[in-house]
Amino acid sequence: MTRLRITGGAIHDPANGIDGDVRDICVDGGRIVATLPADAPVLRADGMVIMAGGIDIHAHVAAASVTLGRRLLPEEHALDPAAAPELADGTIPRSGTGGTVPSTFTTGYRYAGLGYTTVFDAAVAPASARQTHAEFDDTPIIDGGFFALLGNDEYLHRQIAAKELGRAKDYAAWILKSTGAYAIKLVNPGGIELWKRNVREVKTLDDPVGTANVTPRKILEVLADAAIKLGLPHPVHIHCNNLGVAGNVATTLESMRALDGRRAHFTHLQFHSYGGERGKSWSSAARQVAEYVNGHPEVTGDVGQVMFGDATTLTADGAVEYLLHTSTGRKWVNADIELETGCGIVPYTYKDKAAVAALQWVVGLELFLLSADPWRMVLSTDHPNGGSFMSYPVLIRLLMDRAYRDEKLKSVNQKMLAGSALADGIAREYSLNEIAIITRAGPARQLGLKHKGHLGVGADADITIYSRDADYAKMFSTPRYVLKGGTLVVEEGQLRRAPAGKRIYVQPGYDNGLLRDLGKHFEKYSSIQLANFPVTGLRDAPIATGGR
Amino acid sequence: MSGAARVQEHATCLGCGCTCDDIAVVIEGGRITDARNACALGLRWFGDGSLPGAVLGGRSSAIEDALSEIATVMRSARAPLVFLAPDLTSEAQRAAIAVADQLRAFVDSATSTTASEGILAAQRRGRASATLGEIRNRADVIVFWAVDPRLTYPRLQSRYAPDPVGVHVPKGRGGRTVIAVDVGAQRGPDDADVRIQMTAQDEKLFIASLRASLGGRTVGDPPIVARVNELAGRLTRAKYAVIVTDAESPPDVPSMRADALIALTQSLNATTRGSLCTLRAGGNRNGADTTLTWQTGFPMAVDFSRGVPRYTPEDATLARLRRGAVDAALVVGSSGALPPAVAAALEGVRTIVIGPRASESALDATIRIDTGVAGIHESGIAFRTDDVPLPLRALLPTPRDTASLLRALGTAIAASRGDA
């Protein structure tokens with residue numbers, strides 16, 4: 001591992017209150033250290049911009065669903081072959097394919113090539129967790145973790161129905177521990193189970209899911225409380241009901257209010273911030289959502305920006321994908337996953353001349369630009385749903401460069417933009433430090449990762465060094481140097497090393513009394529033996545939890 | 001070897017795509033003496049666990065020599081093939097694909113020979129599917145389309161569906177309607193509640209008529225329409241309808257069955273819920289498709305000859321072998337489990353086998369390295385026919401672990417290029 005003194009660069013390390021100061025950064029043993037001997041090797045970064053490695057809090061990169069998506073897209077892969085890089089570290093480099101859902105090795109190389117060093121897969125069916133670990137093993141460089149889907153889990157719903165909330169919490173802990181997950185994920189709470197029952201719409205948070213005791217509201221409350229009681233580093237990660245539907249802002253705000261002061265992360269809020277009325281009209285409701293988040297410090301979010309071009313919509317929210325399939329006529333995968341969740345996939349293209357896509361693009365930008373606290377509204381495209389992670393540099397330019405943004409705005413379909421804040425003109429331009437917040441420091445804080453997202457002593461030596469460029473898209477798309485855990489992976493803009501990434505997960509405790517009851521449930525309803533459910537042989541040390 | 005009997009509970013069987021993980025394997029004196037819960041296919045799969053452990057055909061019996069010789073042979077080939085036999089752990093599959101990438105080889109599995117029709121159809125249309133447990137818990141109408149699982153997937157009915165109770169089917173078999181669709185000699189199960197028969201020649205028209213019927217239109221002559229309407233009515237009245245088909249057993253007369261059943265089950269979701277259940281044969285075939293997909297973006301027939309993965313399902317292993325386009329083949333896994341047509345087409349091609357019983361292989365292989373069997377001697381992951389990943393445990397010691405061996409081969413290949 002590299003011993004290195006990085007000199008001459010302007011440090012953007014908002015977690016430590018540093019905004020462009022020029023000072024040395026010392027790296028030893030994979031971490032940032034206070035000092036190094038004078039003869040340590042030096043990396044000159046004069047005139048350059050230095051940030052911690054990027055952290056993607058919400059992407060789909062290593063999961064059974066992702067590989068179903070990969071399998072669906074041979075035509076995309078054929079158009080974007082990715083040759084093996086020439087590596088200097090003796091690891092055997094791998095070729096692959098790109099497109100909106102790249103193959104695993106290519107995913108790791110391309111994230112690192114953008115200066116991203118940590119990525120979370122946002123939706124893993126617990127039964128397929130061992131596939132996620134195996135895919136992360138084949139995704140080099142980046143440290144990876146994932147969120148386990150729990151919002152439509154049969155056993156959990158049964159505990160809620162029986163008011164066995166202690167057992168619900170223990171079950172959530174057991175799922176996280178046995179799958180090696182990092183956080184609890186809810187997708188369309190209750191709504192996937194309803195879709196499996198051919199009920200296609202969640203009208204209110206109080207719709208019954210089989211029984212009046214189990215409702216989206218109750219599921220939200222129980223899992224938010226579980227995450228808090230288990231002392232998880234990241235709170236419950238919520239994809240609200242009614243994604244992508246006109247007028248869904250009512251559901252989104254109601255979900256936020258339902259949690260009433262509890263810590264919670266609301267994901268890809270762009271897809272949940274629409275005014276208007278289902279089947280009739282659309283408008284932006286980003287202002288209402290941004291105002292709610294601004295006023296509630298316990299709430300965090302990521303945007304889920306839509307970027308024009310090809311995307312692949314890929315979600316546990318199967319009902320949404322059926323609608324998208326019928327409205328676009330494009331091919332469609334649905335996979336119902338026993339006792340746990342679902343999965344739907346439809347390739348999609350966001351066209352700037354299409355009214356709804358243009359509105360979605362505007363809503364995302366408004367969420368960024370109207371959010372008062374960048375620490376609590378961070379960057380994502382819900383890769384590959386709103387667009388590929390490869391589009392992050394262009395998104396950064398849209399946030400930093402008003403002239404560029406306004407020019408783009410003029411070229412998109414204006415039909416649904418009347419009265420939107422962006423159309424009325426927003427002067428705000430993100431600073432470099434604000435970009436550092438929404439792409440590294442903020443996600444790290446939201447995730448509770450103390451050793452990441454900053455450049456203080458003791459942090460992982462995940463460091464990205466950019467050459468300045470007036471074109472921010474260019475600047476952020478080709479970092480000059482990237483260090484991952486102290487290893488120089490990108491040198492002079494070229495990927496040169498590809499060490500294995502680490503796994504980021506938690507191992508919360510639970511009352512073993514759970515297992516007897518759970519054993520009966522598995523015996524009766526699961527096609528997998530309880531003893532075969534847990535993933536074994538997890539590598540790297542877990543992140544601590546503060547469970548009670 | 002001797003010793004008291006021990007029982008390994010929850011072992012996973014790769015005898016067919018059901019991948020039952022409830023097998024209790026009894027081991028006595030270093031041999032498997034029983035596999036409780038296993039069906040006849042499972043008992044055959046586990047056998048007694050005995051294996052040869054030879055290294056044959058190299059300069060010496062030292063594994064390092066054999067690997068360096070394999071590296072030389074494969075590196076010097078103009079058009080090398082790496083072929084994944086069905087019975088590998090996914091760890092071994094991943095390592096074999098890595099070797100193929102490194103060699104700029106063509107890599108493929110049995111899928112392109114036995115089950116490509118359904119894969120290609122699903123790439124055109126997508127698919128509506130469900131895990132086997134979902135079917136168990138929810139399906140109230142199950143159609144066995146030209147497949148009788150008792151012969152080739154013996155525990156499917158008793159373990160997954162229709163027999164067991166499910167969350168939404170508390171009466172189990174009694175709460176479900178089982179429909180057998182007989183297509184010529186390809187019959188559904190004998191104990192079905194409803195039987196619909198057609199000749200192999202009529203299948204294509206029947207399916208077209210069925211799809212039309214679901215769309216509210218009538219296609220075909222009255223005798224077909226009567227049967228079609230009965231089936232369509234039962235499917236659309238179902239709460240959760242599942243059509244089960246055998247991917248390994250194509251129709252006797254070309255009928256676009258795979259494509260049509262995908263379209264059919266997708267269209268059921270306009271009014272109710274429906275899924276297609278596609279059965280795959282023994283080993284870890286879905287694992288080959290899955291690992292190839294995540295590493296290359298394509299599930300089979302991947303050509304690395306230009307330094308990047310290229311998808312050539314129209315020019316897969318069999319076609320390449322038959323037109324003489326392969327000059328060295330590395331077969332990984334049991335050569336005895338290759339599709340017979342592939343084994344025959346390998347004749348005359350310089351062949352190397354790394355797999356269980358390689359030393360006894362009927363292939364005319366120049367170098368042979370014996371390894372263990374996935375889930376008997378080697379641990380890892382296998383993917384069930386419904387893509388659910390399950391753990392494989394080593395029950396007995398392996399002569400040598402396939403995945404580790406292949407990684408060592410990768411190092412030997414890198415060394416032979418002078419770039420290690």
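How many bridges join strand β13 (residues 302-303) of chain B to β14(B), and do these strands run parallel or antiparallel? Selecting the two strands shows 2 bridges and an antiparallel run. Within this pairing, V302(B) has Y311(B) of β14(B) as its bridge partner. The model under view is predicted, and the tour continues outward from this pair of strands.

**The sheet of chain B**

Extend the selection to the open sheet of 8 strands in chain B, whose order is β4-β17-β16-β15-β5-β6-β13-β14, with mixed pairing. At its edges stand β4 (55-56) and β14 (310-311) of chain B; each has a single partner strand, so one side of each is left without a neighbour in the sheet.

**Helix α3 of chain B**

Next, select helix α3 (residues 90-103) of chain B. This helix lies across three strands of chain B, namely β5 (80-84), β6 (106-109) and β15 (328-332), and runs at about 170 degrees to β5(B).

Keep α3(B) in view and add helix α12 (residues 285-296) of chain B. The two helices pack with their axes 9 Å apart, at an angle of about 45 degrees; α3(B) and α12(B) are therefore oblique to each other. The crossing in which α3(B) passes α12(B) is right-handed. To display the contact, show the side chains of S90(B), Q93(B), R94(B) and I97(B) from α3(B), together with G287(B), A288(B), T291(B), L292(B), Q295(B) and T296(B) from α12(B). By class, this contact of α3(B) with α12(B) comprises 3 nonpolar, 6 polar and 1 charged residues.

**Helices α2 and α15 of chain B**

Move to helix α2 (residues 63-76) and helix α15 (residues 402-416), both of chain B. Their axes come within 9 Å and cross at roughly 60 degrees, which makes α2(B) oblique to α15(B). Here too the crossing is right-handed, as α2(B) passes α15(B). On the α2(B) side, the residues to select are L67(B), S68(B), I70(B), A71(B), T72(B) and R75(B); on the α15(B) side, they are A408(B), L409(B), A412(B), I413(B) and S416(B). Classified by residue type, the contact of α2(B) with α15(B) has 7 nonpolar, 3 polar and 1 charged residues.

**Both chains in outline**

Now display chain B as a whole. Its secondary structure contains 15 helices and 19 strands, and its C-alpha trace spans about 70 × 55 × 30 Å along the principal axes. Chain B has a radius of gyration of 23 Å, which agrees with the value near 22 Å for a compact globule of 420 residues.

Turn to chain A, with 18 helices and 27 strands. The radius of gyration of chain A is 22 Å, close to the 24 Å from the globule rule for 548 residues, so chain A is as compact as a globular protein of that length. Taken along the principal axes, the C-alpha atoms of chain A fill a box of roughly 70 × 55 × 45 Å.

**Where the chains meet**

With both chains shown, select the interface: 49 residues of chain A are in contact with 55 residues of chain B. On the side of chain A that touches chain B, the elements giving two or more residues are α1 (64-72), α2 (74-79), β9 (81-82), β10 (96-97), α3 (104-113), α4 (129-137) and β20 (332-336) of chain A. That side of chain A has 22 nonpolar, 16 polar and 11 charged residues.

The last stop is β20(A) with strand β7 (residues 126-130) of chain B, where 5 bridges join the two strands and the run is parallel. Selecting W332(A) shows this residue opposite G126(B) in β7(B).

How values were computed
Residues numbered from 1 in each chain as written. Chains lettered and ligands numbered in written order. Predicted model: local features only at pLDDT ≥ 70, side-chain atom pairs only at ≥ 80, totals over all residues. Axes fitted to C-alpha atoms, helices over the stretch in contact; angles between N-to-C directions. Helix = DSSP H or I, 4+ residues; strand = E, 2+ residues; numbered from the N terminus. Parallel < 35°, antiparallel > 145°, perpendicular 65-115°, else oblique. Left-handed = near helix turned anticlockwise from the far one by under 90°. Contact = placed C-beta atoms within 7 Å. Nonpolar A, V, L, I, M, F, W, Y, C, P; charged D, E, K, R; others polar. Pairing = 2+ DSSP bridges. Rg over C-alpha atoms; globule rule 2.2 N^0.38 Å.
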